[in-house]
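Colleague: I am new to this structure. Could you take me closely through one part, the metal site, and what surrounds it?

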Amino acid sequence: MAVLTAKDYRSEVEPTWCPGCGDFGVLNATARALAELQKDPAKVVGVSGIGCSSRLPLFLKGYNAHTLHGRAITFAIGVKVSRPDLDVIVFTGDGDMFSIGSGHNPHVARRNIDLTIIMMDNKVYGLTKNQVSPTSREGQYGSLTPYGTIDHPVNPIQYMLTFGATYVAQTYAGNLKHMTKIIKEAIEHKGLSFVNVISPCPTFNKLDSYKFYKDHLVDINEELGHTDLTDYKKAMDIAMHWADYYHDPNAKAHIGVYYKVEKPTYHDMVEQVKAKVGHEESIQKLIDVCKPKAI
Ligand SMILES: Cc1ncc(C[n+]2csc(CCOP(=O)(O)OP(=O)(O)O)c2C)c(N)n1
Ligand code: SF4
Ligand SMILES: [Mg+2]
């Protein structure tokens, strides 16, 4: 087979994002990561919910699904469970994943389903034109919060670590090289990978701008020396300072890998059960359990 380039992973549909949207970078990095891995485009499935960020799979070649707001993870689980041979990547936004879809996060992580979740975190609802999201800073203005939001932001990294994700990282849409490396690692990781991408929305979020992040990023692996990626307590400790820069102008935002461990995936566990009791027998047992019983 001929060597594929990043362009070979792009569909003929042109993105409709605003000029300068961070999501362009995520699309480019994803195409590059897939090219570096020489994945067969027909065996990669992008699944998204609804949002500007969730439009991303439309711009990728292959079998992709633009589903319902907050339900990308559930759809992706269905694809992966029925076709474990496919690489399934969820493209989601901070609203899609941590507002309406938040109930799915604990379960996809604790089951270690072999999916890659890429969340484009612009800290705002972009598609619906500027409402604050679960990751918005306190005091952030939006179309429905003219006096600034009084809500406290969630910390996606800490949540996903708590829920049991086996690969957790953060990267930045303004750094194509770093993003490509992280997305590639996340796709290669066996188990649930969560990548939070700081992805500026220049149209509606004037605080989390490229100008702001230019001086506010620190690489936790290279600069803070976080190299034992199996150290859960250390990962949590660093994650606690995920958004210190919201309050302290001298504090930095993180990029890098917080945590990476190998554990049996959901699919591995299913195979173990089948091997123990036999496929036919396990199906028969299920049928017996589900049969209506006379009272
Ligand atoms: C069930 C349902 N509720 C609400 C909406 C409206 N809606 C569409 S996208 C969106 C928020 C998107 O925010 P985010 O996931 O952060 O994506 P972004 O546009 O910022 O990339 C909302 C509330 C919807 N489409 N469906
Ligand atoms: S509104 Fe924001 S997130 Fe949506 S396309 Fe424009 S810049 Fe990107
Ligand atoms: Mg958003």
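Modeller: Here is the metal site, followed by the sheet and helices around it.

The model is predicted, so local features need pLDDT of at least 70 and side-chain atom pairs count only at pLDDT 80 or more, while totals for chains, interfaces and linings use all residues. Residues are numbered from 1 along each chain as its sequence is written, chains are lettered from A and ligands numbered from 1 in written order, and side-chain values use heavy atoms, without hydrogens or water.

Start with the magnesium ion (ligand 3). Its protein donors are D94 (OD), N122 (OD1) and V124 (O), at 2.1 to 2.2 Å. Donors here are N, O and S atoms within 2.8 Å of the metal (3.2 Å for Na, K and Ca); water is not among the atoms, so sites may look incomplete. In sequence the donor residues are spaced D-x27-N-x1-V. D94 lies in helix 3 (residues 94-100) and V124 in the loop between strand 4 and helix 5, so the pair ties together parts 30 residues apart in sequence. Helices (H or I, at least four residues) and strands (E, at least two) are DSSP runs, numbered from the N terminus. Both D94 and V124 are buried. Buried means under 20% relative accessible area, exposed over 50%, and partly exposed in between (1.4 Å probe, protein chains only).

K123 sits in that loop between strand 4 and helix 5. Its phi is near 60 degrees, a positive value in a residue other than glycine. Most residues other than glycine have a negative phi. K123 is buried too, with a relative accessible area of 1%.

Now the sheet. Eight strands form an open sheet of mixed pairing, in the order 2-1-3-4-6-5-8-7. Two strands pair if DSSP finds at least two bridges between them. Strand 2 (65-66) and strand 7 (217-219) are at the edges with a single partner each, so one side of each has no neighbour in the sheet. Strand 3 (residues 87-93) and strand 4 (residues 116-121) run parallel, joined by five bridges. F91 is opposite I118 of strand 4.

Two helices lie across strand 4. Helix 1 (residues 23-37) also crosses strand 1 (44-48), strand 3 and strand 6 (193-198), and runs at about 155 degrees to strand 4. Helix 5 (residues 156-163) lies across strand 4, strand 5 (167-172), strand 6 and strand 8 (253-260), at about 180 degrees to strand 6. Axes are lines fitted to C-alpha atoms, for helices over the stretch in contact, with angles from 0 to 180 degrees between N-to-C directions. Contact means heavy atoms within 4.5 Å.
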